[in-house]
Amino acid sequence: MGSKYTKRYTEEFKRDAIALVDSSGKTVTAVARELGISSESLRGWYRWVKADRGEAAPGELTSAEREELKRLRKEVREQQQTIEIPKKATAFFVKENDR
């Protein structure tokens with residue numbers, strides 16, 4: 001569970017940090033320490049960029065795939081709610097009709 005004090009970094013900062021990892025030859029942990037950020041954050045950003053470049057491990061999603069998955073999950077949730085309303089209405093009217 002995230003803290004309410006979680007820092008937000010700009011896309012430009014993330015790109016620069018990733019470029020620093022690529023160009024410096026240093027480890028992700030070393031660069032993160034120099035920048036004063038979490039190594040896990042930088043590692044995650046780096047993994048996402050590698051996936052977008054096609055250099056990721058099998059099964060790793062690209063940014064476009066992550067966005068599509070997010071959109072599809074939202075769509076499924078909305079459709080489930082749309083289906084649930086008539087079910088509840090039907091149950092209500094059946095119960096009322098039995099009285």
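**View 1. Asp16 on helix 1 of this predicted model is partly exposed.** Its relative accessible area is 48%, where partly exposed lies between buried (under 20%) and exposed (over 50%), using a 1.4 Å probe and protein chains only. Helices here are DSSP runs of H or I with at least four residues, numbered from the N terminus. If you look across to Ala57, Asp16 is 41 residues away in sequence and 23 Å away in space, C-alpha to C-alpha. Residues are numbered from 1 along each chain as its sequence is written, and side-chain values use heavy atoms, without hydrogens and water. Local features need pLDDT of at least 70 and side-chain atom pairs pLDDT 80 or more, while totals for chains, interfaces and linings use all residues.

**View 2. The largest nonpolar core has 10 residues.** Such a core joins buried Ala, Val, Leu, Ile, Met, Phe, Trp, Tyr and Cys residues through side-chain atoms within 4.5 Å. Among its members are Ala17, Ile37 and Trp45, and helix 1 (11-24), helix 2 (28-35) and helix 3 (39-53) each give two or more residues.

**View 3. Val28, a member of that core, meets residues beyond its sequence neighbours.** Leaving aside those within four places, Val28 is in contact (heavy atoms within 4.5 Å) with Val21, Ser39, Leu42, Arg43 and Tyr46.

**View 4. Charged residues help line the largest pocket.** The lining comprises 4 nonpolar, 1 polar and 5 charged residues, where Asp, Glu, Lys and Arg count as charged, Ala, Val, Leu, Ile, Met, Phe, Trp, Tyr, Cys and Pro as nonpolar, and the others as polar.
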